[in-house]
Structure formats: structure tokens, C-alpha cells
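Subject: Structure handover, with notes

Dear colleague,

Here is the structure I promised to pass on. My notes follow below it.

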Amino acid sequence: MSVLLLQTSCEDVIELNLNTAEPKLVIEASINWLKENCGSEQIIKLSLSAPYFDNQVPPANGAIVTITDQNDKTYNFMEDGVTGFYKNINFNPVINHIYNLQIIYNGEIYVGSETFKSVVSIDYIEQNNNAGFTGKDIEIKAYYTDPADENNFYFFEFDSNTPIPASLSIYEDKYTNGNQIFGYYSDEDLNVGDKIKIRNYGISERFYNYLFILLQQNNDGSGGPFETQPASVRGNCVNQTNPENFPLGYFRLSEVAELIYTIQ
Amino acid sequence: MLNKFKFYLWLILVMPISISAQDKFTLSGKITDQHSNETLIGVNIIFPELQTGTITNEYGFYSITLNKGSYNFQISYLGFNSISENIIIDKNQTLNFKLTESTETLEEIVITENVEKLNIRKPQMSVNSLSINTIKQMPVVLGEVDIIKSITLLPGVSNAGEGSSGFNVRGGAVDQNLILLDEATIFNSSHLFGLFSVFNPDAIKDLKLYKGGIPAKYGGRVSSVLDIYQKEGNSNEFHMNGGIGIVSSRLLAEGPIVKEKGSFLLGGRSSYAHLFFPLFDLDSKAYFYDLNTKLSYNINENNNIYLSGYFGRDVFNISDSFENTYGNTVINFRWNHLYSDKLFSNLSLIYSDYYYGLALNFVEFDWKSGIKNFNLKYDLKHYISSNFKLEYGINSLYLTFNPGEITPTTETSGINPYNLIKKYAFENAVYVDAEHEINSKMAISYGLRLSSFQRLGQSELNMYKNNDAVSFNEELGIYEKGQVIGINSYDRSDVIASFLNLEPRLALAYKINETSSVKASYNRMSQYLHLLSNTSSPTPLDVWAPSGKYIKPQLLDQVALGYFKTFKDSKYSVEVETFYKDIQNRIDYIDGANLIANDAIEQVILNGKARAYGLEVLFKKNEGQLTGWIAYTLSKSEQQTQGRTAAESGINNGNWYNTPYDKTHDLSITSNYNLNAHWNFSSNFIFQSGQPTTFPNGQYEYNGINIPNYESRNSSRLTTYHRLDLSANYNPNPKSTKRWQGQWVFGIYNVYGRKNASSITFRENRDTGSNEASRLALFGVIPSLSYNFKF
């Protein structure tokens with residue numbers, strides 16, 4: 001059957017007029033604390049949404065960005081020029097503490113709250129060169145051991161030093177609780193000698209749910225017959241001044257296990 | 001409601017009293033095909049002087065009660081030579097008739113006038129019958145005759161698009177169609193994601209699609225009933241027929257076990273497109289096969305038994321790392337019994353299931369899911385008088401649901417075995433349906449179905465805070481899983497939830513004159529099973545979920561009004577119908593609902609509502625060298641899920657939105673031209689509004705990837721769909737008296753190569769990094785060739 005589809009089906013890029021919504025604030029407040037690092041230097045990225053076919057998205061400049069920890073200590077994030085990157089170098093990360101984010105942008109106040117999540121280390125890497133549906137892809141499994149006594153959620157990032165876009169995936173321990181299990185990555189364009197930065201982030205259940213939906217939107221197949229209904233995805237930040245103009249993005253705090261792997 | 005009841009009660013109690021028995025006699029019997037002894041469904045037996053008549057039922061039986069006298073009568077059936085005789089009715093008698101197939105169908109159809117008159121008088125509306133011969137003449141994709149594809153050419157019937165499973169009737173969802181094969185429920189009607197349907201056309205005798213005014217005999221689905229009957233098999237002599245095509249082949253054998261008493265039928269199909277895969281250097285397979293079997297035995301005048309079965313599977317296999325198998329199984333025993341020449345009964349004992357299996361070797365586990373059902377049906381048809389018939393019966397279903405089982409396949413697998421909680425339910429119904437010709441102008445049918453559904457105990461059931469399986473996070477404006485405050489455990493004999501619904505059905509026909517009539521109908525139906533599908537078209541992986549503590553049954557009210565007219569001695573006919581449907585408790589999914597392997601599905605769904613309305617026009621040319629029809633439907637199909645409280649947003653902000661199968665305009669033109677004994681040509685033209693879909697209205701960047709931000713649900717459409725198909729049948733030796741008869745079928749699908757979008761996807765170009773919209777057109781121009789034979 002599929003052989004006929006391969007012959008007759010055709011995929012082509014088309015011109016399409018899309019509606020354009022008003023720009024929204026996009027919050028990428030990802031506080032990452034690499035294991036064996038002090039985690040004091042943190043960056044929050046603010047940008048705006050743009051028409052779908054634009055080549056880039058504009059930064060959100062001139063915001064007032066602060067994070068307050070549960071001891072009422074406030075960390076100010078200062079914008080680096082007009083880049084939309086807001087930086088703090090005295091951040092104090094504490095596992096399981098609750099942090100509150102506040103952003104004042106264009107006279108509107110945005111807030112969000114999240115818990116700092118821990119993560120286990122990566123145990124080892126396994127590489128297989130005969131993988132994928134065609135049997136020709138290189139696949140990588142990054143093994144870790146899930147703690148049995150709690151519900152855990154993981155966010156894996158595989159980023160190579162090639163133009164291949166980073167691969168993001170999420171895992172829960174529902175079917176793997178207490179086991180040694182792996183984060184999975186495979187790509188047809190990987191080659192021997194490529195360096196892959198593998199990161200495993202500890203995340204909350206809410207972020208897991210958020211990214212679950214977000215990755216579906218980004219999926220190549222979105223809109224196809226087997227994809228879920230696409231939607232505008234809401235994170236954990238709200239606009240207190242004007243709730244209708246809700247922000248996109250997420251405020252997340254994660255411990256990170258990192259490993260650089262070279263394809264053999 | 002109470003008044004309605006009283007009305008029904010009055011009808012049922014008062015009307016039959018007017019029927020007196022004196023000087024009346026019953027003529028009954030069976031009508032079969034002379035050649036094969038196959039019973040014929042829907043044959044007209046007409047008494048023109050009396051302006052009355054009857055038709056054979058699903059088992060070829062007829063019965064009519066008349067005053068003493070001498071009458072002319074005619075028996076007519078499309079494609080068969082008519083019988084016209086005189087009869088003296090002075091005692092009860094059994095008369096069986098054998099009809100001979102008309103060899104030259106061109107000039108043969110003589111008595112169609114009375115057929116149409118009769119249909120004009122019958123209260124049943126919104127029904128389409130297609131003979132398998134008509135279906136076999138239509139051109140279809142890849143040269144394969146296909147029942148589901150053919151019914152989508154009728155008004156009010158469409159599907160979500162090319163390569164999508166199932167079909168949609170009058171703006172209803174795919175899971176709202178009751179599909180019966182020899183009375184057994186089929187849960188999934190598609191092979192290879194909708195490219196083929198699961199029904200082998202060679203094994204099928206007759207089908208009927210009810211879109212509205214559905215009789216009380218049917219229930220359990222709210223949108224339509226597709227009632228399909230398999231052939232019994234030739235009880236006179238052994239025959240085989242088959243076809244060889246480029247994608248699949250089929251073979252069917254039938255013959256007597258005991259001459260004129262018992263017969264068998266065995267048919268099989270398989271696709272073999274996977275044979276071509278190695279050419280593409282892909283170590284993969286994708287194919288389907290199915291088997292149809294039937295044994296029939298005529299014990300005596302009053303008793304017939306049937307044993308029939310169906311088994312079908314689709315198989316996808318990719319380089320041993322992934323294997324996917326799914327399909328339906330049906331086993332069915334039936335016993336027809338005549339209590340008297342006026343009372344026909346059928347008892348069915350049915351097992352049917354749907355199985356879905358996935359072996360994922362690369363992650364070292366197996367996945368299995370499915371639904372099983374045991375069904376007992378007892379249906380009686382009581383031919384009380386020539387103008388009053390009563391049907392009544394019971395239907396009992398026991399259902400088991402396996403939402404999923406995970407089994408690790410290796411010692412080293414990192415996956416733990418996991419069984420999703422199995423669910424059980426009991427669905428019962430009793431019904432009574434009356435068909436009453438009040439006078440020569442007016443006929444009415446009215447019925448009542450009482451259905452009940454018991455959700456039986458399961459090992460674990462979540463209890464939620466405030467009984468809310470889905471909670472609304474007011475601060476973030478999103479729906480979230482409800483908070484589990486406890487888990488209840490039940491025995492299988494416990495009833496967790498119970499529903500009872502009264503479903504009145506009513507249909508009226510008023511004959512304006514000899515060639516035209518108006519009809520009206522109302523039906524309420526309930527549906528206790530829901531196919532969990534969050535995509536624009538169902539997939540084989542989707543599981544069925546029963547109603548229960550958190551999921552309410554769907555309730556439908558439909559009204560339809562129609563005008564029917566025939567022209568030029570029934571050479572032409574026009575049917576115009578309008579309908580309005582309202583469905584309560586249509587389930588809807590919260591944004592990002594994950595349905596796969598979800599053990600607490602109630603946490604991601606809400607009960608909403610749906611409505612559909614439209615106008616259907618069917619213009620048919622029934623006779624001559626050129627036959628065919630033009631079907632046009634103008635309709636709207638929407639759904640809405642509002643917040644349960646004022647603070648909640650609802651789904652899609654609580655606004656109505658188009659269902660994925662909303663097609664504003666839907667036009668099909670089907671024609672068949674019989675040039676001569678050798679050549680027969682046919683064509684389809686289809687023009688439809690694009691399928692509703694959701695496009696992005698912006699983009700943003702998060703964690704280094706581009707994310708499209710979407711507008712409200714289904715507020716845009718794919719481009720307009722249109723296509724022309726042609727086919728030609730060539731019969732090399734039409735006059736041949738040899739046993740072997742062959743026929744070539746040439747076809748072209750999508751003649752002018754329209755690139756119809758089956759989907760438009762949005763993605764970041766890997767090379768340029770910029771966003772683009774990509775259209776997938778599944779089928780270009782597809783020529784096909786097949787050879788059919790019989791001997």
C-alpha cells in the first residue's frame with residue numbers, strides 16, 4: 001500500500017494567508033542548576049510572539065524582572081542591552097524551595113510560581129548504529145536510575161554541534177518507577193565524531209504537562225489526521241493586570257545532569 | 001413528555017382494534033434467486049387493485065393478509081425478471097417464488113412504477129439502499145470496489161478526508177454509526193487507515209443506511225445505522241468468483257452442502273502491496289487480509305439456521321522493530337423461526353471483538369487493547385394485517401473493555417508490566433415498532449425503545465475532590481486533572497453507574513398524489529459507548545470507553561422532513577430532505593489531552609454538546625443506458641463545551657466550533673453508461689468544502705525551538721476538495737455460454753490530478769530555519785486495472 005502512496009502522494013510547500021494575532025509576551029524563565037556548579041548565574045529570556053512566517057521574533061525590552069524565594073529574598077534580573085536577556089549573578093538555588101517570578105512589561109504585571117526540582121545523574125550512554133525504522137540511524141540511549149520512592153518527571157535535551165536542531169523529550173516514571181531507564185535520541189543525520197550535549201532536567205508535573213502539549217504543537221505532523229487538536233498553550237504565568245492578554249512560555253527551576261558525548 | 005407517552009399508548013392500544021379477522025387470509029413465503037437459491041431482501045409484492053403490497057425482510061420472508069377474493073399481483077426486484085400472476089385468496093397459503101436474473105438489464109426493468117409508489121407511501125425516510133451491483137459499477141480508488149467509499153457518494157454522507165477511517169453521517173462522528181454485519185456490531189470499518197473498508201464486496205448481498213427516522217429496532221449509536229447482510233451461498237451448485245488487482249486480490253467459493261437445503265460461503269481477500277517494499281530498500285510491510293464465512297441450513301419450512309463469521313487483520317511491520325496488528329472478529333449464530341405465517345422471528349447469538357496490538361521491539365514491550373462483546377438479540381416481526389405490522393424484540397449486550405496492557409518483551413526491558421483497568425458493562429434494550437397504513441394517503445410508524453446501561457464493577461475507580469475528575473485552574477485559565485481523594489474497589493457484580501433511557505421514534509408519510517409524498521420523522525437515540533479520539537479522524541489505536549460515573553451517555557434528538565417525487569413513470573426521482581440534530585453529552589477533550597494509555601480518561605474529557613442541520617437533495621435517473629444520481633448536501637456540524645460554572649472558560653472559550661467533519665457543500669455526481677454488451681462506463685465527480693482545521697496565527701520561540709501559536713479550534717479550512725474518477729468495464733464474451741466468465745475493469749482515480757490537501761502542516765525548515773506551510777496530497781492520478789472472474 002504505502003509503496004503506492006510513495007509513488008502518488010506529494011508534499012509541497014504552499015503559500016498560505018494566515019491570520020495574525022496581537023503579539024504576546026513570551027517568558028522563557030528557565031533557571032538551570034548544573035550538578036557540581038553553584039548555579040548563581042541565571043538568565044531569563046523575554047521575547048514577543050510574531051506573525052508565523054516572519055524570520056525572527058522580536059525581544060521584549062525594558063521589562064522589570066525579579067524572582068523572590070521563599071525567604072522573601074528578591075533577585076533582580078537586569079537586561080543585557082536590548083537583547084531581551086535578563087541576568088542575575090547572585091542567584092541562590094535550593095532544591096524543593098518555591099520561587100515567585102514577577103515581570104512588569106508595558107505597564108502590565110505578569111507573575112508565576114514554581115518549585116525547584118532535583119534530578120539524578122546520567123549513569124552511562126549506549127550507542128547503536130543500526131536503529132530507526134530504516135535500520136540506518138544512529139541512536140543514543142542515556143541511562144539514569146529513577147528513584148522508586150517518588151513520582152519523577154524528566155526533560156531531556158540532546159543538542160549536537162551540527163545544524164541539526166536540538167531534540168527535546170519528556171518522560172514520566174509511571175511505567176518505569178525505580179528502574180534504570182533511558183532518554184532516547186536518534187537522528188538520520190548524525191555522524192561519527194559529532195559531539196552531543198545531553199542534558200536531563202528535573203521538572204515538575206505541571207511543566208511535564210506543559211511541554212507535552214507544546215511539543216505536540218511543534219511536531220512536524222501537527223494538523224495531520226493523527227495529531228491532537230492544536231491549541232494556544234498556556235504555561236504557569238499569568239497577566240494580573242489584563243488576564244485576557246495571557247503570556248506564553250513558562251517559569252521553571254531545574255537541577256540539570258549534563259554530559260558531553262562524542263559519537264563513536 | 002407524559003402527553004407524548006399517552007399518545008403512544010393510545011396509538012398502540014386503539015389502532016389494532018380496528019382490524020377484524022373475518023374473511024381474511026394470509027399469503028406468505030420466501031423469495032429466492034432461481035440460480036443460487038439465495039434469499040432476496042426487499043423484493044416488492046404488489047397488489048395493484050388493492051393499492052397495497054409488502055416487501056421481503058432481511059431473510060427473504062414476506063407475509064401479507066388480504067380479504068377473500070381474486071387479485072392480480074406483481075413481484076419485482078431490480079435486476080431480476082418480474083412475475084405477474086393472478087391469485088385466488090380463499091385460504092391461508094404459503095407461496096415461495098424464485099426470480100431469474102435479467103440478463104440484459106437495459107430493457108428489462110418493466111415494473112418500476114409500483115415499486116416507487118410503494119416507497120412513496122412508506123413512512124420510512126432518510127434511508128438509502130444500495131444493491132451490491134450498483135456499488136460494483138462505481139469507480140473507486142485503486143480499482144477496488146468499496147462499500148464505505150460508495151456510501152459517501154450519497155447525500156448526507158461524507159468522510160473526514162482521504163486516508164481517514166470511517167464515515168460521517170449528517171454531521172455526526174465516526175463512532176456514532178452503528179455498523180452491523182449480519183446483525184453483529186463491527187467496531188472499526190476500515191483497513192489501511194480508510195483506504196479500504198473491511199467488507200468484502202463479493203460476500204455482501206445487501207446494505208441499508210439509515211440516516212434518520214431510525215426504527216426502534218436499532219439503538220446504541222446516535223448518528224446512523226449501516227445494516228449489511230452477507231450472502232448465504234449458492235445451495236444449488238458450486239461456484240467461485242474472484243478478482244485480481246494491482247493492490248489486492250480476492251476469491252470466494254460457495255456451494256451446496258445439502259442441495260437446496262444447506263449452503264456454504266467462504267471468501268477471502270488480501271492486499272499484497274508489501275511485496276513492492278523491497279524495491280524501495282525498506283524492510284517493511286503493510287497489508288491486510290480478511291475472511292468471510294457462512295453456513296446456512298434450511299431445517300424445514302419454518303426453521304432456518306445460519307452460522308457466519310468474519311475475521312480481518314491489518315498488519316504493519318517495520319524492520320522488526322515495530323509491528324502493529326489490528327482488526328475485527330465476528331462469530332454469529334442465527335435461528336429464523338416462523339411461529340405462524342404472520343409471525344416471523346430471528347434469534348441471534350453474537351460474539352464480536354476489536355483487537356489492537358503493537359509490538360515495539362526497540363523499546364522492548366508489547367501493547368494490547370480491545371473491546372469484546374457478547375450479544376443476544378431476539379427480534380419478531382408480526383404481520384398483523386396488510387396495513388398493520390408490528391416489530392418487537394430484545395437486545396442484550398455484555399461488553400468488556402481492555403484499554404491497554406503493557407508487557408515487557410525482554411528480561412532487560414526497562415518497562416514494568418502494566419495493565420490499564422479493565423471495564424465491564426451490560427447494555428439492554430426492549431423495543432416495539434408499529435407500521436400502520438391509516439388510509440390510502442397516510443402511513444405512520446411509531447415505536448419506542450427502552451434502553452438501559454449498567455456499568456459494572458472494576459478493580460479500581462478514582463474518587464475525586466468535589467466529584468470533579470477535571471478541575472479548572474482559575475488562576476492560569478486551564479483545565480487540569482482533578483485531585484484524586486481515594487480509590488474505590490468493586491466486584492464485577494456491582495453496578496457503579498446505571499442509565500435508563502426512553503427512545504421514542506416516529507415517522508409519517510402523506511401521499512400527495514400518485515407520484516409525490518411528504519414525510520416527517522423524529523427519533524431520539526442514546527449512545528453509551530464513546531470512541532476516544534482526539535484527532536481529526538479516528539485511528540486504529542483509539543479505544544472505546546463506556547459511560548459511567550464520570551462520562552454521560554450521548555442523547556440525540558433528530559427531526560427530519562422530506563419531499564419525494566417521481567417523474568416520467570419513475571424514470572427520474574427527486575428526494576429533498578432537511579434535518580436538525582441535537583446531541584447532548586458529546587465528549588470533548590481538554591487542550592493537550594493525552595488519551596494514549598490513560599487509565600483515568602475522565603481527567604481529560606468534558607461533556608459538551610453537538611448539533612447539525614442541513615438540506616439534502618438527491619436526483620436520480622433510474623432507467624436507461626445512462627443511470628446515476630446527483631447528490632447535494634448543504635449542512636453545518638458544530639460542537640460546544642461550555643464551562644460548568646461561570647468562572648470556567650470551557651473548551652475553545654466555550655464557543656461553538658466546527659467539527660472536523662463539517663462540510664458546508666458536498667456534491668457528488670455518479671453516473672453509469674451502458675454502451676453495449678461489452679462496454680460499461682462509469683464516473684464520479686466530487687466537490688466538497690475543505691475540511692475544517694486549525695492554523696497558526698503567530699509563532700514564538702521557546703527553548704530554542706519555534707512554536708506555532710494557534711487560533712481557535714477549526715476556524716480555518718483546507719482548500720476545496722474536488723476530483724473526477726472514471727472507469728470502464730469490459731466484458732470480452734458477453735454471450736458466452738461457457739462457465740468461465742471474465743471481466744476487465746480499467747480505472748483512473750483523480751483524472752485531472754487535483755492536488756487535494758489531506759492535511760496542511762506547519763514546520764520549521766531544517767535547512768533555512770524559517771517556517772513554512774506544507775500541503776500533503778495523498779493521491780495523484782492513479783490508474784488501476786483488475787480482472788474479475790466467476791465460474
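pLDDT, used in what follows, is the predictor's confidence in each residue, on a scale from 0 to 100. This is a predicted model, in which local features need pLDDT of at least 70 and side-chain atom pairs count only at pLDDT 80 or more, while totals for chains, interfaces and linings use all residues. Residues are numbered from 1 along each chain as its sequence is written, and chains are lettered from A and ligands numbered from 1 in the order in which they are written.

Chain A

Chain A has a mean pLDDT of 88, with 91% of its residues at 70 or more. In residues 1–6 of chain A the pLDDT is below 50, and the stretch has 15 contacts in the model beyond near neighbours in sequence. A contact here means that the C-beta atoms of two residues, placed from the backbone, lie within 7 Å. Residues 220–225 of chain A also stay under 50 in pLDDT, and the model has 26 contacts for them beyond four places in sequence.

The chain holds two helices and 16 strands. Helices (H or I, at least four residues) and strands (E, at least two) are DSSP runs, numbered from the N terminus. The C-alpha trace of chain A spans about 60 × 50 × 35 Å along its principal axes. Its radius of gyration is 20 Å, which agrees with the value near 18 Å for a compact globule of 264 residues; the radius is taken over C-alpha atoms, and the globule rule is 2.2 Å times the number of residues to the power 0.38.

Of the 264 residues in chain A, 36% are buried. Buried means 20 or more other C-beta atoms within 10 Å of the residue's own, exposed means 12 or fewer, and partly exposed is in between, with C-beta atoms placed from the backbone. Strand E14 (residues 195–203) of chain A is mostly covered, with seven of its nine residues buried. E14(A) pairs in the antiparallel sense with strand E11 (residues 153–160) of chain A over eight bridges, and Phe156(A) is opposite Asn200(A) there. Two strands are said to pair if DSSP finds at least two bridges between them. E14(A) also pairs with strand E16 (residues 248–262) of chain A, antiparallel and over seven bridges; Lys195(A) has Thr262(A) as its bridge partner in E16(A).

Chain B

Chain B has five helices and 53 strands, and its C-alpha trace spans about 90 × 65 × 50 Å along the principal axes. The radius of gyration of chain B is 27 Å, in agreement with the value near 28 Å for a compact globule of 791 residues. Buried residues are 48% of the 791 in chain B. Among contacts in chain B with a separation of 6 or more, 65% are between residues 24 or more positions apart.

Four strands of chain B form an open sheet in the order E3-E2-E5-E6, with antiparallel pairing. Strand E3 (52–55) and strand E6 (83–89) of chain B are at the edges with a single partner strand each, so one side of each has no neighbour in the sheet. Strand E5 (residues 69–76) of chain B pairs with E6(B) over seven bridges, and Ser70(B) is opposite Ile88(B).

Asn346(B) lies in strand E24 (residues 343–360) of chain B. Asn346(B) is buried, with 21 other C-beta atoms within 10 Å. Its contacts, leaving out residues up to four places away in sequence, are Tyr59(B), Arg334(B), Asn336(B) and Asp379(B). Asn346(B) and Asp379(B) are 33 residues apart in sequence, with 5.3 Å from C-alpha to C-alpha.

Cores and the shared sheet

A nonpolar core is a set of buried Ala, Val, Leu, Ile, Met, Phe, Trp, Tyr and Cys residues joined through C-beta atoms within 7 Å. The largest one has 98 residues, of which Ile590(B) and Ile605(B) touch the most other members. Strand E40 (residues 605–621) of chain B gives the most to this core, with five residues. A second, separate core of 57 residues includes Ile31(A), Phe153(A), Phe156(A) and Phe158(A).

One open sheet has strands from chains A and B, in the order E1(A)-E52(B)-E51(B) and with antiparallel pairing. Its edge strands, each paired on one side only, are strand E1 (10–14) of chain A and strand E51 (757–764) of chain B. E51(B) and strand E52 (residues 771–777) of chain B pair over seven bridges, with Ser759(B) opposite Leu776(B).

Best regards
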